[in-house]
Amino acid sequence: MEATLREEERSLYQQALKVFYRAAYVMELDPEIAKILAVPERSLTVRFPVVMDDGRIEVFTGYRCQHSTILGPAKGGVRYHPDVTLDEVETLAFWMTWKCSLMNLPYGGGKGGVKVDTTKLSPREFERLSRRFFYEISDIVGQFRDIPAPDVRTNSQVMAWFVDTYNKTMRRYEPGVVTGKPVEIGGSLGRDEATGRGLAVVTAEACEYLGIDISKATVAVQGFGNVGYFSAKILQQEYGAKVVAISASTAALYNPNGIDVEDLMNYKMQNKGSLVGYPKAQQISHKELLELNVDILVPAALENAITEENADNVKAKIIAEGANGPVTPEADKILNSKGILVIPDILANGGGVTVSYFEWVQNVQCIRWELEEVRNKLAKNMKAAFAEVVKAKQKYGTDLRTASYIVAIGRVATALKLKGIYP
Ligand SMILES: NC(=O)C1=CN([C@@H]2O[C@H](COP(=O)(O)OP(=O)(O)OC[C@H]3O[C@@H](n4cnc5c(N)ncnc54)[C@H](OP(=O)(O)O)[C@@H]3O)[C@@H](O)[C@H]2O)C=CC1
Ligand SMILES: O=C(O)CCC(=O)C(=O)O
C-alpha cells in the first residue's frame with residue numbers, strides 16, 4: 001500500500017523526468033551527471049500552527065525544495081493551493097533549475113508551497129499563515145542561499161510579510177532574501193508584469209519565426225491572474241494582437257471581436273474576483289477555450305491543462321506556456337506531430353525570474369533601476385534565450401522544449417564538472 005501511494009504521489013516528478021531524460025539522450029549527457037541532476041538536493045517539510053480568528057488552532061503543511069544549487073542560490077516562488085504536495089513542489093523546483101539556467105541567471109532551482117485554500121482565510125489569518133510559514137523555513141533561505149518569490153495565490157504583499165518576518169527573525173536587514181516585493185520596500189519596477197511581458201516578447205519572436213503577423217493574430221488565454229492578465233494585456237496593447245478568449249477558475253469567456261483586457265480586469269475586481277456575468281462576451285466551457293481556432297494559446301493557470309485527452313483538438317498554431325507544466329509529455333508528442341509550435345514554460349515564463357534576478361541585483365547593490373531599463377534588459381534576455389533555443393533546435397533537429405532543456409542542462413552539467421561534488 002505504502003509503495004503504491006508513493007508511486008502515485010511522485011507522478012508529476014516522473015512526468016517531468018521524461019523531458020529531462022529525452023534531452024539527456026539527445027545531447028548524450030554523461031549518465032553519471034544525469035544521475036545527480038535528476039534528484040532534488042534538499043526538501044524541507046514543515047507543519048505549523050496558526051490561530052484562526054475564532055480562536056481555533058489549525059495545523060498547516062508547507063514545503064520548500066532546493067532542487068539544485070549548482071549555478072547559485074536556489075530560486076523560485078511559493079505557491080498557496082489546496083492541491084499542493086511535496087511531489088508538485090519538487091517538480092516545480094526541478095523546472096526552476098532549468099529555467100534559471102536557460103535564462104542564464106546565476107541561480108539554481110527552488111520552490112515552496114503551502115497546502116491551503118486561501119479563499120477560506122480572513123486577511124489576518126492569511127498574514128499569520130504567511131509569516132509563520134516563512135519563519136519555519138528561515139533556516140534554509142537567505143539572499144545567497146535560497147530566494148523565494150510569488151507564485152500561484154501569493155503576491156507582493158505576501159513577499160512583504162516574508163521579508164519582514166525573516167529580517168525580524170534573523171535580526172538583520174536582508175531585502176534580497178525574497179523577490180517580488182512591493183516597490184516601496186525594495187521591489188523592482190516591472191516585476192509585477194515581468195512574466196507576462198517576457199511571454200509576449202518570446203511569443204512575438206515565435207510569430208516572426210513562423211511568419212505570422214502578430215498584429216493580426218488571435219489569442220486565447222487560460223488563467224487571469226498575474227501571468228494571464230499581463231500576457232493578455234501586453235499582447236493586446238503593445239503588439240496589437242486580438243485577445244478573443246480569457247478564462248479564470250470561475251468562467252471562460254469568448255468574443256470573436258476581441259475582449260478588452262483592462263475592462264475585464266476591472267469587472268473581475270468589482271465582481272469579487274469572478275468573471276461570471278461579464279456582459280461583453282459569451283460564456284463558453286473551459287474545454288472549449290483550449291480548443292478554439294486561434295493563432296496563439298496561452299495556458300497560464302496550472303499544470304496538466306493540455307493532456308492526451310484534448311491535445312488532438314487543439315487548433316492554435318503557437319502555444320506559449322505561461323503556466324509551469326501545462327502540457328503533459330504525452331500531449332506534447334501529439335502537438336508536435338500536428339506541427340504546433342510549443343514555447344516551453346522554462347522559456348515562455350522565464351521573464352518573471354529574470355526580473356526577480358534584476359530585483360536581487362538592485363537589492364545586493366542598494367541601487368534602483370528605472371522601469372525602462374528593466375524592460376529593455378528583460379526583452380534583451382528573452383530574445384537571447386529564444387535565439388539560443390532555436391540554434392539548439394536546428395543543431396539537434398528537435399522541438400523547442402527538448403532544445404531548451406539541452407541548453408539548460410548543458411550549462412548546469414558544465415558547472416557541475418568544474419566544481420566537482422565534494423565540499
Ligand atoms: N507569478 C509569476 O511570476 C510566475 C508564475 N508562473 C506560473 O504561472 C501560473 C499562474 O501563476 P500566477 O498567474 O502567478 O497565479 P495567480 O494565482 O495570480 O493566477 C492563477 C490564475 O489561474 C486561474 N485558474 C485556476 N484554475 C483555473 C482553471 N481550471 N481554468 C482557468 N483558470 C484557472 C485563476 O482563476 P481565479 O482568478 O478565478 O482564481 C487565476 O486567474 C502557475 O503555473 C505559476 O507557477 C510561472 C512563472 C512566473
Ligand atoms: O521570480 C522567481 O524567483 C520565481 C518565479 C517562479 O516561481 C517561476 O518562474 O515559476
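Here are three short exercises, with worked solutions, on the predicted model above.

Some ground rules: this is a predicted model, where local features need pLDDT of at least 70, side-chain atom pairs count only at pLDDT 80 or more, and totals for chains, interfaces and linings use all residues. Residues are numbered from 1 along each chain as its sequence is written, while chains are lettered from A and ligands numbered from 1 in the order in which they are written.

**Exercise 1: helix H9**

Task: Work out which residues of H9 are buried and which are exposed.

Solution:
- Start with the terms. Helices (H or I, at least four residues) and strands (E, at least two) are DSSP runs, numbered from the N terminus. Buried takes 20 or more other C-beta atoms within 10 Å of a residue's own, exposed takes 12 or fewer, and partly exposed is in between, with C-beta atoms placed from the backbone.
- In H9 (residues 261-270), Val261, Leu264 and Lys268 are buried. Looking down the axis of H9, these fall within an arc of 65°, so they line one face of the helix. That arc is taken over the directions from the helix axis to the C-beta atoms.
- In general, an α-helix has 3.6 residues a turn, so residues three or four places apart point the same way.
- Flip to the other side of H9 and you find Asp263, Asn266, Met269 and Gln270 exposed.
- Met265, also in H9, counts as partly exposed because it has 16 C-beta neighbours inside 10 Å.
- The cover over the buried residues includes helix H8 (226-237) and strand E7 (242-247), with contact meaning C-beta atoms, placed from the backbone, within 7 Å.

**Exercise 2: the sheet**

Task: Find the strand order and the edge strands of the open sheet.

Solution:
- Its 5 strands run in the order E1-E2-E4-E3-E5, with mixed pairing. Two strands pair if DSSP finds at least two bridges between them.
- The edges are E1 (42-51) and E5 (146-150), each pairing on one side only.
- Now zoom in on E1 and E2 (residues 57-68): they run antiparallel and are joined by 10 bridges. Val51 sits opposite Ile57 in E2.

**Exercise 3: two domains**

Task: Describe how domain 1 and domain 2 are placed and what makes up their contact.

Solution:
- The domain assignment, automatic or from a database, gives domain 1 (40-174) and domain 2 (193-348).
- Their C-alpha centres lie 27 Å apart.
- Domain 1 puts 6 residues into the contact and domain 2 puts in 5 residues.
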